[in-house]
Amino acid sequence: LIVPLRAWLGAADPAGLPAGLAEHAATRDWRPLDVRWGEWHAIGPFAARDVEAATPVDRELRNMVPGGPGPDLARGHRGKGGEVAWRPLELRGGGREMDVGVVRFDGLYAPDKSDPTRTRRAAAYLYRAVELTSAARVECLIGSDDGVRVWVNGGLVHERETSKGIDLNEVPVSLELRGGVNHLLVKVANEDGIWGVRLRNAGSLDPAAVDAAIERGVAWMLAR
C-alpha cells in the first residue's frame, strides 16, 4: 500500500488521479521547467541590528538588474570583525538544485574566543545566478531565522522582519524569472542564537510529511 501511494502522491502526470483531484490537476502546468540553478555563494557577517540595516552588499543591487553582471564575487567588503569575502558553499547536490537544505550561517560564521559576539546582531547573504530558456514564475517556500529579504534581479520580492524559527510552511514566495540569466539574492539577519534559511520549490513533496500522512491514513483504516 505505502509504495504505490507514495508513487501516486509524487506523480508528475495527472492521468489516473481520482475524480476529486483530476479537475485540480488539469489546471496545473506539468511541463518540466528548464532552469539551471547556479552555485550558492555566501558572504558575511556584517553588523546589522535587523534585516533592514544597509550593508555594502545592498549597494551591489544596482548590478543585479536584468542584464546586469551581478555582484563582484571576487571583491571583499568590510564586515563584522574585519574583511569578509564571497565564498562558494559545499552543499548537497553540488549546490546546483533549488533546495539544498538549510544553510546555517551560525555554523559558517561560528563565534570564537576572539569575537564571541560575531553572530549577534548580524546579517549575511546568499547569491546565485538562475538561468532559464524562457520566462517563468517559480513558486517557493522560504523559512528563516531570523528576518529575511529576497531580491530577484534587483527587485525586492519578499521581506519578513522577524521569525521564530526555520519553518518551510511559513511563507510562500513567487520568483518571477526572465529568460536568460537572473540574479537571486537572499539576506538573513540574526539577533542571536540559531541563524539560517532554506528555500525550496512549493511543488515538491517533503518525504517526512508524506510518510506521516501515510501512517495516519493506515492507522485510520485499521481502526475502522
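## Strands side by side

Let's start with a pair of neighbours: strand 8 (residues 136-145) and strand 11 run antiparallel and are joined by 7 bridges. This is a predicted model, so read everything here in that light. One spot to look for along strand 8 and strand 11 is Cys-140, whose bridge partner in strand 11 is Val-173.

Zoom out a little and you'll find an open sheet of 4 strands, ordered 6-13-8-11, with antiparallel pairing. Its edges are strand 6 (103-104) and strand 11 (171-177), each of which pairs on one side only.

## A hairpin

Next, have a look at strand 3 (residues 76-79) and strand 4 (residues 82-85), an antiparallel pair held over 4 bridges. Gly-76 sits opposite Ala-85 of strand 4. The hairpin they make has 2 residues between the strands, and Gly-81 there takes a positive phi near 90°.

Side chains in a regular strand alternate between the two faces of the sheet. In strand 3, His-77 and Gly-79 are on the covered face, while Gly-76 and Arg-78 are on the uncovered one.

## Around His-41

His-41 belongs to strand 2 (residues 41-47). Is His-41 buried or exposed? Its relative accessibility is 15%, so His-41 counts as buried; the cut-off for buried is under 20%.

Leaving aside residues up to four places away in sequence, His-41 touches Leu-73, Trp-86, Arg-87, Pro-88, Tyr-125, Leu-126 and Tyr-127. A polar atom of the His-41 side chain also lies 3.3 Å from the backbone oxygen of Glu-39. Then there's Ala-129: its C-alpha atom is 9.7 Å from that of His-41, with their positions 88 residues apart along the chain.

## Aromatic pairs

How many aromatic pairs does a search of the whole structure find? It turns up 5. One of them is Trp-86 with Tyr-127, an edge-to-face pair at 6.4 Å centre to centre and 70° between the planes. Trp-86 is in the loop between strand 4 and strand 5 (87-88) and Tyr-127 is in strand 7 (residues 122-132), so this pair links distant parts of the chain, 41 residues apart. Both rings belong to buried residues: Trp-86 has 7% relative accessibility, and Tyr-127 has a relative accessible area of 6%.

Another pair, Phe-105 with Trp-195, is tilted, at 5.4 Å centre to centre and 45° between the planes. Phe-105 lies in helix 3 (residues 105-108) and Trp-195 in the loop between strand 12 (180-190) and strand 13 (196-201), so the pair ties together parts 90 residues apart in sequence. Phe-105 is buried at 0% relative accessible area, and Trp-195 is buried with 0% as well. Ring pairs also bring in Tyr-109, giving a cluster of Phe-105, Tyr-109 and Trp-195.

## Salt bridges

Side chains of opposite charge can pair when their charged atoms come close. A search of the whole structure finds 9 salt bridges. Among them is Lys-187 with Asp-58, whose closest N and O atoms are 3.4 Å apart. This pair links distant parts of the chain, with Lys-187 in strand 12 and Asp-58 in the loop between strand 2 and strand 3, 129 residues apart. Lys-187 and Asp-58 are both buried.

Elsewhere, Glu-139 forms a salt bridge with Arg-137, with 4.0 Å between the closest N and O atoms. Glu-139 is partly exposed at 34% relative accessibility, and Arg-137 is exposed at 54% relative accessible area. Together with Glu-176, Arg-137 and Glu-139 are linked in a network of salt bridges.

Terms used: Residues numbered from 1 in each chain as written. Predicted model: local features only at pLDDT ≥ 70, side-chain atom pairs only at ≥ 80, totals over all residues. Heavy atoms only, no water. Buried < 20%, exposed > 50% of the residue type's maximum accessible area, 1.4 Å probe, protein only. Contact = heavy atoms within 4.5 Å. Polar contact = N/O pair within 3.5 Å; in protein donor to acceptor, adjacent residues only side chain to side chain. Pairing = 2+ DSSP bridges. Phe/Tyr/Trp six-rings, centres within 6.5 Å; stacked < 30°, edge-to-face > 60°. Salt bridge = Lys/Arg side-chain N within 4 Å of Asp/Glu carboxyl O.
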